[in-house]
Amino acid sequence: MVFKTVQKWVATLELDIETSVYANLALALAERYDEKGETSTAAELRRTINDLKDLLANRPAEPTELEKLLTR
């Protein structure tokens, strides 16, 4: 159940290499949580998802043409 929810959320994201690693880790943790229900896995999954969200929120936007011109 948790795995499918995380999988659907990850599918909506635009990932680079770094965030892709976090997304795959979150998926593996979600799968393990569904199988074993360990609270330590749930805590690690929560931390991983929060880290991924932070990375996505702080990702610098692609510079616009004007920004490129002004930095020359």
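Biologist: Why does Thr19 count as buried?

Modeller: Buried means under 20% relative accessible area, exposed means over 50%, and partly exposed lies in between, using a 1.4 Å probe and protein chains only. Thr19 has 2% relative accessibility, so Thr19 counts as buried. This is a predicted model, in which local features need pLDDT of at least 70, side-chain atom pairs count only at pLDDT 80 or more, and totals for chains, interfaces and linings use all residues. Residues are numbered from 1 along each chain as its sequence is written, and side-chain values use heavy atoms, with hydrogens and water left out.

Biologist: What does Thr19 touch, leaving out residues up to four places away in sequence?

Modeller: Contact means heavy atoms within 4.5 Å. With those residues left out, Thr19 touches Leu52, Leu55, Leu56 and Arg59.

Biologist: Why is Glu31 called partly exposed?

Modeller: Glu31 has a relative accessible area of 41%. That value falls between the two cut-offs for buried and exposed, so Glu31 is partly exposed.

Biologist: Where do Thr19 and Glu31 lie?

Modeller: Thr19 lies in helix α2, and Glu31 lies in α2 as well. Helices (H or I, at least four residues) and strands (E, at least two) are DSSP runs, numbered from the N terminus.

Biologist: How does the span of α2 compare with the expected one?

Modeller: The expected span is 1.5 Å times one less than the number of residues. For the 20 residues of α2 this gives 28 Å, and the helix reaches 29 Å from its first C-alpha to its last, which is close.

Biologist: What makes up the largest nonpolar core?

Modeller: A nonpolar core is a set of buried Ala, Val, Leu, Ile, Met, Phe, Trp, Tyr and Cys residues joined through side-chain atoms within 4.5 Å. The largest one has ten residues: Val6, Val10, Ala23, Ala26, Leu27, Leu29, Ala30, Leu45, Ile49 and Leu52. Helices α1 (2–11), α2 (17–36) and α3 (39–57) each supply at least two of them, and α2 gives the most, with five. In soluble globular proteins, nonpolar side chains tend to be buried together.

Biologist: How many helices and strands does the protein chain have, and how do you know whether it is compact or spread out?

Modeller: The chain has four helices and zero strands. Its radius of gyration, taken over C-alpha atoms, is 16 Å. The globule rule, 2.2 Å times the number of residues to the power 0.38, gives 11 Å for 72 residues, so the chain is more spread out than a compact globule. Its C-alpha atoms fill a box of roughly 55 × 20 × 15 Å along the principal axes.
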